[in-house]
Amino acid sequence: MRVAVAGCCHGELDKIYETLALAERRGPGPVDLLLCCGDFQAVRNEADLRCMAVPPKYRHMQTFYRYYSGEKKAPVLTIFIGGNHEASNHLQELPYGGWVAPNIYYLGLAGVVKYRGVRIGGLSGIFKSHDYRKGHFECPPYNSSTIRSIYHVRNIEVYKLKQLKQPVDIFLSHDWPRSIYHYGNKKQLLKAKSFFRQEVENNTLGSPAASELLEHLQPAYWFSAHLHVKFAAVMLHEAKDKGQPARSTRFLALDKCLPHRDFLQVLEIEHDPSAAAVLEYDVEWLAVLRATDELLDVTGRQWNVPQNNGLYARWDYSATDEAMKEVLKKLNHDLKVPCNFSVTAACFDPGKPHAPAQLVHRISPQTTEFCAQLGITDINVRLQKAREEHHSGGECDEQEESDASGEDRSEYPTDTSALSSVNPDEIMLDEEEEDGDSIVSAHSNVDTPPVERSSDQASDFSTSFSDVRSLPGSMAVSSDDTLNSLTGAEGKLEKVEEPEDGKDSPERPLKRLSDEHEPEQRKKIKRRNQAIYSADGDDAVTCDS
């Protein structure tokens, strides 16, 4: 089947679907499925905008609300994960996944579903070490700390995904798995993003949690976004068992939805021709959710997931045959995801004046139905009970203004997530090229069009992954680091954007992130950011790169 993959959506659903329609007209046939790798921005109204972690001047309604209201319907089944620029209050209503609009499905904090026999998994958010070992304690109304921590990946979600034993075909993450850049054209990547050089050479760019999942799940395909650059790689894994062939993962990261950018790719994915074209739950994943329900934590305290170290009575929560039979029984052997979308908040109406709406912590009927059928706990119900018990003035128990404690050490010895360099291309939602209204430029001077236009290009994409190399002993980028297996596809797969000034500047000093950093630097960086946000004519504003 033909699967389209999109990078950072930034709420531009109309443009993405229009581009997809153009690809279908120029390609061999219709697209069956669209996968979006985060920063989806399912914004229904102004209250949702206030829950998005960007400076106020970058909060734009965009076009999702038209699909939420029913004015429009997604022309193709769309599955997405969350990133670090989301209407977090909306997505929080669906921690286990669900429909945010007809034909648009959110995978949840972590999730696995099936479509036409293809197994699709995903992990929402980005990695930050100081929140990784906390529970899901945030709830609306968010403060200046929790509006960011709400989208930080937690160890419990990674732990659940690591219980999976059956093969995964496609996996989605917003930030890249750490080290993946050593398996592709590293030199070309740094030509486009020279400010990543230090982290690439130190092997600290990306998410160590995602890297851990990549090693465990070994999916056939892994798609990401976040860094706003198109990049392809192939990773050959070690065989898990003797006598079994080693698996390989084809990795592709895509850009954000803008003119002249590689934000969309169409692929041919093998599927089960006998499977119905409906979205289905995954039995093994549901069994894992049931088994790990006892581990649910809604506090902001640091904790460790169970391990086989003699301290825990149970550490293996993988799905047994008996557990999967029990899931099938509870679902009456019907794994079809019900089309039970419901409106839970007022929708934006551009023709009417809008009074500021109060932020409300909502319980979604979809989540209530899902939890009741499966026999698991709704995280939001648990959060509301915790808030009532502690009477914390309308905010959840653990939502105090706090940052990472110096005593909360990451379990990853090389973790530098709080020190990541700035990507100056990270947030430019309203300051783009002069052809801002165009979808696909007819005058682009690059060799690769933004979308795949023929079956030949699908073949080229697969061929470009024909060679593999092992992780090098040195992480430095040498003058001959051109990765011969991908050089033949540079014009077709690895198109990059030159910096606006036409110069590659590896000597540019690295910067810290604007809102994720060591606690002792917080006040200083806050002052710097305030100056940036108040300046006129700034070229780019960076948030949580």
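Buried denotes a relative accessible area under 20%, exposed one over 50%, and partly exposed a value in between, computed with a 1.4 Å probe on protein chains only. The structure shown is a predicted model, in which local features need pLDDT of at least 70 and side-chain atom pairs count only at pLDDT 80 or more, whereas totals for chains, interfaces and linings use all residues. Residues are numbered from 1 along each chain as its sequence is written, and side-chain values use heavy atoms, with hydrogens and water left out.

**Figure 1. Glu157 and Lys160 form a salt bridge within helix α7****.** A salt bridge is a side-chain nitrogen of Lys or Arg within 4 Å of a carboxyl oxygen of Asp or Glu. Here the N to O distance is 3.7 Å. Helices (H or I, at least four residues) and strands (E, at least two) are DSSP runs, numbered from the N terminus. Because Glu157 and Lys160 are three residues apart in helix α7 (residues 155-161), about one helical turn separates them. Glu157 is buried, at a relative accessible area of 4%; Lys160 is also buried, at 8%. Elsewhere, Asp14, Arg66 and Lys72 are joined into one network by salt bridges that share partners.

**Figure 2. Asp14 and Lys72 are paired in a salt bridge****.** The N to O distance between the two side chains is 3.0 Å. This contact links distant parts of the chain, as Asp14 belongs to helix α1 (residues 13-26) and Lys72 to the loop between α3 and β3 (78-80), 58 residues apart. Asp14 is buried, with 11% relative accessibility, while Lys72 is partly exposed, with 31%.

**Figure 3. Arg119 forms a salt bridge with Asp282****.** The closest N and O atoms of Arg119 and Asp282 are 2.7 Å apart. Arg119 is in strand β7 (residues 118-123) and Asp282 in the loop between β13 (279-281) and α11 (283-292), so the salt bridge ties together parts that are 163 residues apart in sequence. Both partners are buried: Arg119 has a relative accessibility of 3%, and Asp282 has a relative accessible area of 1%. A search of the whole structure finds 14 salt bridges.

**Figure 4. Cys8 and Cys9 are buried cysteines****.** A disulfide is a covalent bond between the sulfur atoms of two cysteines. The criterion applied is a pair of cysteine sulfur atoms within 2.5 Å, and the count by this rule is zero disulfides. The cysteine sulfur closest to that of Cys8 belongs to Cys9 and lies 7.6 Å away, too far for a bond. Cys9 is likewise in no disulfide, its nearest cysteine sulfur being that of Cys36, at 3.6 Å. Cys8 has a relative accessible area of 2%, and Cys9 has a relative accessibility of 0%.

**Figure 5. Gln41 and Gln62 have positive phi angles****.** Gln41, although not a glycine, has a phi of about 65 degrees. This residue is in the loop between β2 (33-36) and α2 (46-49) and is buried, at 2% relative accessibility. Gln62 is not a glycine either, and its phi is about 55 degrees. The loop that contains Gln62 runs between α2 and α3 (64-69).

**Figure 6. A cis peptide bond leads from Pro140 to Pro141****.** The omega angle of this bond is near -5 degrees. Pro141 is located in the loop between α5 (129-132) and α6 (146-149).
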